[in-house]
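Open the model in your viewer and keep the sequence panel beside it. This tour goes stop by stop, telling you what to select and what you will find there.

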Amino acid sequence: MSKLPAALQNLALPVIGAPLFIVSNPKLVIEQCKAGVIGAMPALNARPAAQLDEWLHEITETLAAYDKAHPGRPAAPFAINQIVHKSNDRLDHDMEMAMKYKVPVIITSLGARTDVNDAIHSYGGVVLHDIINNTFAHKAVDKGADGLIAVAAGAGGHAGVKSPFALIQEIRQWFDGPLALSGSISTGGAVLAAQAMGADFGYIGSAFIATHEARASDAYKQAIVDGSSDDIVYSSLFTGVHGNYLKASIRAAGMDPDNLPDGDIKTMNFAGGEGSKSKAWKDIWGCGQGIGAVTEVTSTAAFVARLKREYREAQQRLLPAEALEAA
């Protein structure tokens, strides 16, 4: 385990909720944080841009009130995802909002930028950058990221193809900072397995879609409950970057999920303006391969409670009671 900055310590469970395109909203983030895991959402989910100010105010004020009422078990910090690719013409505005509210954790994606990292560090924020291979991991740290999110094979949305074993062991050969693992993590046992490999956190996205607080359609949530890894397709068509999606949503859009053309990131506008392909594909459902463990739509609090129970049970299976007491 690495030495963690204060913002990443003292979680009830070593889990970061992945920022989910369209799906994540203040309600979900707040409930994740109250449950003791880091809640996150993409800045771009707030549309129009002015809504981000309202959402950040809601999150910070609600969590501050919760902490005041529960001094013995305060909420976990929250995170905002910033797409730093040049196609995101909202980045300057969204970074201003992040700095205004001193967002504790910023998750950067699709590129690493020193100026963005410096801005976050100026108020004491922590930067986690998501990467799909060791080369990108080096670049992110060289440009000032405090920690990494290793997006391995099977992760929902934009995902890599590396085995989590290969990705984590290569990164840990040179990097001793905060490290989260993303890719098919839907149980407490999988969180413990991520730590056994050398990660500090499990990074969970798809399972949170099937919660009452998530801003997803009932059909989307039920498709996750009903689905398995066989229902996931890996494609670059929808954003120009390879990612995992539910086949059912692709068929509903009139396409054959087994015969999709490639996409081109140069044609994308991640801010989702009129006519952009990112807006056209809003009904394509991102999803990872770990959904076979999701068996019901439930509350965020209940899901995290299940993760905690499974995490403890996994520890008990691996260690005798005497060793646990001595740990």
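## Stop 1: a pocket

The lining of the second largest pocket holds 11 nonpolar, five polar and four charged residues. Keep in mind that this is a predicted model. The pocket encloses about 330 Å³ of space. Select Asp 67, Arg 73, Pro 74, Ala 75 and Ala 76: of the 20 lining residues, these are the closest to the pocket's centre. Now colour helix H2, residues 51–69. H2 gives the largest share of this lining, with four residues.

## Stop 2: the nonpolar cores

Next, select Phe 78, Ile 171, Ile 204, Ile 224 and Leu 246. They have the most contacts inside the largest nonpolar core, which has 76 residues. H2 turns up again here, giving the most to this core with six residues. Another core, of 20 residues, lies apart from it. To find that one, select Leu 8, Val 126, Phe 201 and Tyr 203, which are among its members.

Go back to Phe 78 and show what surrounds this residue. Beyond its neighbours within four places in sequence, Phe 78 is in contact with Val 29, Cys 33, Ile 38, Gly 39, Leu 56, Ile 59, Thr 60, Leu 63, Val 103, Pro 104 and Val 105.

## Stop 3: Met 41

Select Met 41, in strand E2. Is Met 41 buried or exposed? Met 41 has a relative accessible area of 0%, so this residue is buried. Leaving out residues within four places in sequence, its contacts include Pro 19, Ser 24, Asn 25, Leu 52, Trp 55 and Ile 80. Val 29 and Ile 59 are also among the contacts of Met 41, and both touch Phe 78 as well. Then draw a distance from Met 41 to Ile 131, C-alpha to C-alpha. The two are 18 Å apart in space and 90 residues apart in sequence.

## Stop 4: aromatic pairs

Switch to the rings. A pair of aromatic rings is described by the distance of the centres and the angle of the planes. The count here comes to four aromatic pairs. Select Trp 174 and Phe 175: their centres are 5.5 Å apart, with 50° between the planes, and the pair is tilted. Trp 174 is partly exposed, at 30% relative accessible area. Phe 175 is buried, at 9%.

Now select Tyr 220 and Trp 285. Why does this pair count as stacked? The ring centres of Tyr 220 and Trp 285 are 4.8 Å apart and the planes lie at 5°, so the pair is stacked. This pair links distant parts of the chain, 65 residues apart. Tyr 220 sits in helix H9 (residues 218–226), while Trp 285 is in the loop between helix H11 (277–280) and helix H12 (300–318). Tyr 220 is buried at 8% relative accessibility, and Trp 285 is buried at 16%.

## Stop 5: a buried lysine

Select Lys 247, in helix H10 (residues 247–252). Its relative accessible area is 16%; because the limit for buried is under 20%, Lys 247 counts as buried. What does Lys 247 touch? Not counting residues up to four places away in sequence, Lys 247 touches Asp 230, Asp 231, Ile 232, Val 233, Pro 257 and Asp 258.

## Stop 6: backbone angles

Hide the side chains and look at the backbone. Most residues other than glycine have a negative phi, and most peptide bonds are trans. Three places to check follow.

- Arg 47 to Pro 48: this peptide bond is cis, with omega near 5°. Pro 48 lies in the loop between strand E2 (39–42) and H2.
- Asn 10: phi is positive, about 60°, though this residue is not a glycine. Asn 10 belongs to the segment before strand E1 (15–17). Asn 10 is exposed, at 78% relative accessibility.
- Ser 184: phi is positive here too, near 70°. Look in the loop between strand E8 (179–182) and helix H7 (188–197). Ser 184 is partly exposed, with a relative accessible area of 32%.

## Last stop: Leu 318

Select Leu 318, in helix H12. Leu 318 is exposed, at 64% relative accessible area. Draw one more distance, from Leu 318 to Ala 46. Their C-alpha atoms are separated by 43 Å, with the two positions 272 residues apart along the chain counted as their separation.

Conventions
Residues are numbered from 1 along each chain as its sequence is written. This is a predicted model: local features need pLDDT of at least 70, side-chain atom pairs count only at pLDDT 80 or more; totals for chains, interfaces and linings use all residues. Side-chain values use heavy atoms; hydrogens and water are left out. On a 1 Å grid over the protein atoms alone, a cavity is a set of points where a 1.4 Å probe fits but cannot get out, and a pocket is an open set with protein on both sides within 12 Å along at least five of seven lines; lining residues have an atom within 4 Å of a point. Grid points are joined across faces, edges and corners, and a volume is the space filled by probe spheres set on the points. Helices (H or I, at least four residues) and strands (E, at least two) are DSSP runs, numbered from the N terminus. Ala, Val, Leu, Ile, Met, Phe, Trp, Tyr, Cys and Pro count as nonpolar, Asp, Glu, Lys and Arg as charged, and the others, Gly among them, as polar. A nonpolar core is a set of buried Ala, Val, Leu, Ile, Met, Phe, Trp, Tyr and Cys residues joined through side-chain atoms within 4.5 Å. Buried means under 20% relative accessible area, exposed over 50%, partly exposed in between (1.4 Å probe, protein chains only). Contact means heavy atoms within 4.5 Å. Rings of Phe, Tyr and Trp (its six-membered ring) pair if their centres lie within 6.5 Å; planes under 30 degrees apart count as stacked, over 60 as edge-to-face and the rest as tilted.
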